[in-house]
Amino acid sequence: MPLTSRNHSVKLIAFLTALSLFLSAIEYAIPKPVPFMRLGLANLSILIGLELLSPGNVIVLVLFKALGQGLIQGTLFSYIFLFSLAGSLASGVIMILTKLVLGSRVTLIGISVLGALASNSVQIILARFIIFGESAWLIAPAFFLIGTISSATLGAISEVFYRRSQWVKLVISEGKISTEED
Amino acid sequence: MKIKIADIAIIIIALLVIVLTSLYAYSGIKGKLYVHIKSDSNEWLIPITEQKTIWVKGPIGETEVVINSGSARIVSSPCREKICIRSGSISRPGQWVACLPNRVFVSIEGKSSGEESVDAVNF
């Protein structure tokens, strides 16, 4: 449920951005067999944000996440950042739309998988036209497979977290109070 | 936590995408030859059946690689000796031509069906 209070949203965006940076740092510490195999841990904060923030604020969060991730992984001024930003934005938009269209008929698992699909598709298409040419298709199946598995897992974790977290309950009740104060 | 029908539908869509891209990417790879061009800053992998001219940037200028009717060759290069041009065209896997002054390496990759020739050190 999106919260309307401006002050409350700002605090929440700041917190979720910090969470995504923390998770990016953890992910950066995990060795990757090949550079493109990423777990996408930082997307946990986006998924939580999706439930708590308005669509516009989710996009802001996505931009902050991409920027922060670029800073932490040292890719901010390389072409990798372009890939990361495009992927993040695509998945953000798709996840917001899925949430709007399906509402409570879908859980964070489905949203997360669809988001990963969108992000991976955009990145493959970019790779096809910018660097690798036709051979970009060769990594596509592996890329999609890893994306689907990791995003489904992350979606399940986010769903459980969102349902059970005391912090989320606190945020929602605070949001209600501050909305009434406005 | 309950998984909903929409979730399952989305996961099925994702699996379909994986299957379709696998079919697209891996069908016809076997027996297909690729021209692999490598420079200091860039790399290409092009099916040998394509008609293509590629300008490869190197430290001393641009090397022109032409891929035409199942073979690849270097047609012009800014180097002094022009060994790369005189090496002629390559068409079988494992063959290569290189322009060392301009740091360009062209080779054929992939498995051909029985057309491979044995080289001298093969027992």
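Start with the hairpin of E6(B) and E7(B), where 4 residues lie between the strands, and select B:Arg103, which takes a positive phi near 55 degrees. Bear in mind from this first stop onward that the model on your screen is a predicted one. Now colour the two strands of the hairpin: E6(B) and E7(B) run antiparallel and are joined by 4 bridges. To see how residues face each other across them, select B:Cys99 together with B:Val104 of E7(B), since these two stand opposite one another.

Keep B:Arg103 selected and add B:Asp40, because a Lys or Arg nitrogen within 4 Å of an Asp or Glu carboxyl oxygen is what makes a salt bridge. B:Asp40 and B:Arg103 form such a bridge, with their closest N and O atoms 3.7 Å apart. The two partners come from distant parts of the chain, 63 residues apart: B:Asp40 sits in the loop between strand E1 (34-38) and strand E2 (43-47) of chain B, while B:Arg103 sits in the loop between strand E6 (96-99) and strand E7 (104-109) of chain B. Is B:Asp40 buried or exposed? With a relative accessibility of 55%, B:Asp40 counts as exposed, because the cut-off for that word is over 50%.

Next, stay with E7(B) and turn to its pairing with E1(B), for these two strands run antiparallel and are joined by 5 bridges. Here the residues to select are B:Lys38 and, opposite it in E7(B), B:Phe105.

Another pair of strands in chain B is worth a stop. Strand E3 (residues 52-58) and strand E4 (residues 61-68) of chain B run antiparallel, with 7 bridges joining them, and the hairpin that leads from E3(B) to E4(B) passes through 2 residues. Select B:Ile54 and you will find B:Val65 of E4(B) standing opposite.

Now show both chains, and look at where they meet. How many residues of each chain take part in the contact? On one side there are 24 residues of chain A, and these are in contact with 20 residues of chain B. The two chains bury about 2,000 Å² between them, and 76% of this area is on carbon and sulfur atoms. If you search this interface for salt bridges, the rule finds 0, whereas the count of residue pairs in polar contact between the chains, both at pLDDT 80 or more, is 3.

To see which parts of chain A face chain B, select helix H4 (79-102), helix H5 (108-132) and helix H6 (136-164) of chain A, each of which supplies at least two residues to the side that touches chain B. The largest share of that side, 10 residues, comes from H6(A). Colouring the touching residues of chain A by kind should give you 15 nonpolar, 6 polar and 3 charged ones.

From here, select A:Thr107, which is found in the loop between H4 and H5 of chain A. A:Thr107 counts as buried, because its relative accessibility is 3% and buried means under 20%. Which residues does A:Thr107 touch, if its neighbours within four places in sequence are left aside? They are A:Glu159, B:Lys2, B:Lys4 and B:Asp7. With B:Asp7 there is also a polar contact of 2.6 Å between the side chains. If you add A:Ala156 to the selection, you can check that its C-alpha atom and that of A:Thr107 are separated by 8.5 Å, although the two residues are 49 residues apart along the chain.

A:Glu159, one of the contacts of A:Thr107, leads to the following stop. Select A:Arg163 as well, for A:Arg163 and A:Glu159 form a salt bridge whose closest N and O atoms are 2.9 Å apart. Both residues lie in helix H6 of chain A, 4 residues apart, which is about one turn of the helix. Their surroundings are worth comparing: A:Glu159 counts as buried at 2% relative accessibility, while A:Arg163, at 48%, counts as partly exposed.

Finish with A:Glu51 and A:Lys99, which form one more salt bridge, their closest N and O atoms being 3.3 Å apart. This pair links distant parts of the chain, as A:Glu51 is in helix H2 (residues 43-52) and A:Lys99 in helix H4 of chain A, 48 residues apart. Both A:Glu51 and A:Lys99 are buried. Over all chains, the structure holds 5 salt bridges.

Note on methods:
Residues are numbered from 1 along each chain as its sequence is written. Chains are lettered from A and ligands numbered from 1 in the order in which they are written. This is a predicted model: local features need pLDDT of at least 70, side-chain atom pairs count only at pLDDT 80 or more; totals for chains, interfaces and linings use all residues. Side-chain values use heavy atoms; hydrogens and water are left out. Contact means heavy atoms within 4.5 Å. Buried area is the accessible area (1.4 Å probe) that two parts lose on being put together, summed over both. A salt bridge is a side-chain nitrogen of Lys or Arg within 4 Å of a carboxyl oxygen of Asp or Glu. A polar contact is a pair of N or O atoms within 3.5 Å; within protein, one must be able to donate a hydrogen and the other to accept it, and residues adjacent in sequence count only if both atoms are side-chain atoms. Ala, Val, Leu, Ile, Met, Phe, Trp, Tyr, Cys and Pro count as nonpolar, Asp, Glu, Lys and Arg as charged, and the others, Gly among them, as polar. Buried means under 20% relative accessible area, exposed over 50%, partly exposed in between (1.4 Å probe, protein chains only). Two strands pair if DSSP finds at least two bridges between them.
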